[in-house]
Amino acid sequence: MLTLEPANASQFERLVSIWESSVRATHLFLTESDITDLRPLILNAYLPNLPVFIARDETGTIHGFIGVDGSHIEMLFVDAESRGKGIGALLLTYAVEKLRADEVDVNEQNPQGVGFYKHMGFVQTGRSELDGQGKPFPLLHMKYSR
C-alpha cells in the first residue's frame, strides 16, 4: 500500500538517489558528465522550488516522486528497483486529478517515458530541439487529453 504526501527537505537526498537510478535506467543518451552536472541542480534548485509529492510504502521507503509547477509536470521519477509496479501511474494520476497538472515535457530520446505518457493519455502538442538547459536533447511537449 502506497501513500502520497508532500516531500520535505530532509527527504531530498533520497529523491536525488531515486532520480539518478531512474535516469540511469531510462535516459541512456545522458553521459556520466551530464548526470554529474544535473545532480546538484536537482538537489539545490529544482526540488526546493517545486511542490513535490512522494510515494511511500508502509515501511516508510520512498519509491518515487513527482514535482509540478502550476499545470506543468516538471519531474516524475520512480526508483529503478520499483519500476513497473504502478508507482509512476499513481503519481501521474494524482498530479492530473488532484493538482490539475496536465502538461509535460519528455525527452524524445527517452522512449520509455514517451510511451508511458502516451499510455496515460497524453498527446504530443509540440517539439523543441533543445532541453531546458539549452542542451541538444529534444523535448516533446505533451498534454493530457482524456
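The exercises below work through the fold, one helix and four residues of a predicted model.

Residues are numbered from 1 along each chain as its sequence is written, and side-chain values use heavy atoms, with hydrogens and water left out. Because the model is predicted, local features need pLDDT of at least 70 and side-chain atom pairs count only at pLDDT 80 or more, while totals for chains, interfaces and linings use all residues.

**Exercise 1. Describe the overall fold of the chain.**

Step 1. List the elements. The chain has four helices and seven strands. These are DSSP runs numbered from the N terminus: helices are H or I with at least four residues, strands are E with at least two. Their order from the N terminus is β-α-α-β-β-β-α-β-α-β-β.

Step 2. Judge compactness. The radius of gyration is 14 Å, close to the 15 Å from the globule rule for 146 residues, so the chain is as compact as a globular protein of that length. The radius is taken over C-alpha atoms, and the rule is 2.2 Å times the number of residues to the power 0.38. Along its principal axes the C-alpha trace spans about 40 × 40 × 25 Å.

Step 3. Look at burial and contacts. Of the 146 residues, 43% count as buried. Buried means under 20% relative accessible area, exposed over 50%, and partly exposed in between (1.4 Å probe, protein chains only). Take the contacts with a separation of 6 or more: 60% of them join residues 24 or more positions apart. Contact means heavy atoms within 4.5 Å.

**Exercise 2. Analyse helix α2.**

Step 1. Check its length. Helix α2 covers residues 32-46, 15 residues in total. From first C-alpha to last it reaches 20 Å, close to the expected 21 Å at 1.5 Å a residue. The expected span is 1.5 Å times one less than the number of residues.

Step 2. Find its buried side. D34, I35, L38 and I42 are buried. An α-helix has 3.6 residues a turn, so residues three or four places apart point the same way. The cover over the buried residues of α2 includes α1 (12-26) and β4 (72-78).

Step 3. Add L43. This residue is also in helix α2. L43 is partly exposed, because its relative accessible area is 22%. Beyond four places in sequence, L43 contacts F12, E13, V16 and P48. The C-alpha atoms of L43 and F77 are 14 Å apart, with their positions 34 residues apart along the chain.

**Exercise 3. Place N107 and Q109, then list what each touches.**

Step 1. Locate them. N107 is in strand β5. Q109 is in the loop between β5 (103-107) and α4 (111-119).

Step 2. Classify them. N107 is buried, as its relative accessible area is 15%. Q109 has 35%, so Q109 counts as partly exposed.

Step 3. List contacts, leaving out residues up to four places away in sequence. N107 touches H27, F29, V114, F137, P138 and L139. Q109 touches F29, P136, F137 and P138.

Step 4. Check one separation. Q109 and A7 lie 102 residues apart along the chain, and their C-alpha atoms are separated by 29 Å.

**Exercise 4. Which sign does phi of R100 have, and is R100 buried or exposed?**

Step 1. Locate R100. It sits in the loop between α3 (87-97) and β5.

Step 2. Read the backbone. Phi of R100 is near 60°, a positive value in a residue other than glycine.

Step 3. Classify it. The relative accessible area of R100 is 60%, so R100 is exposed.
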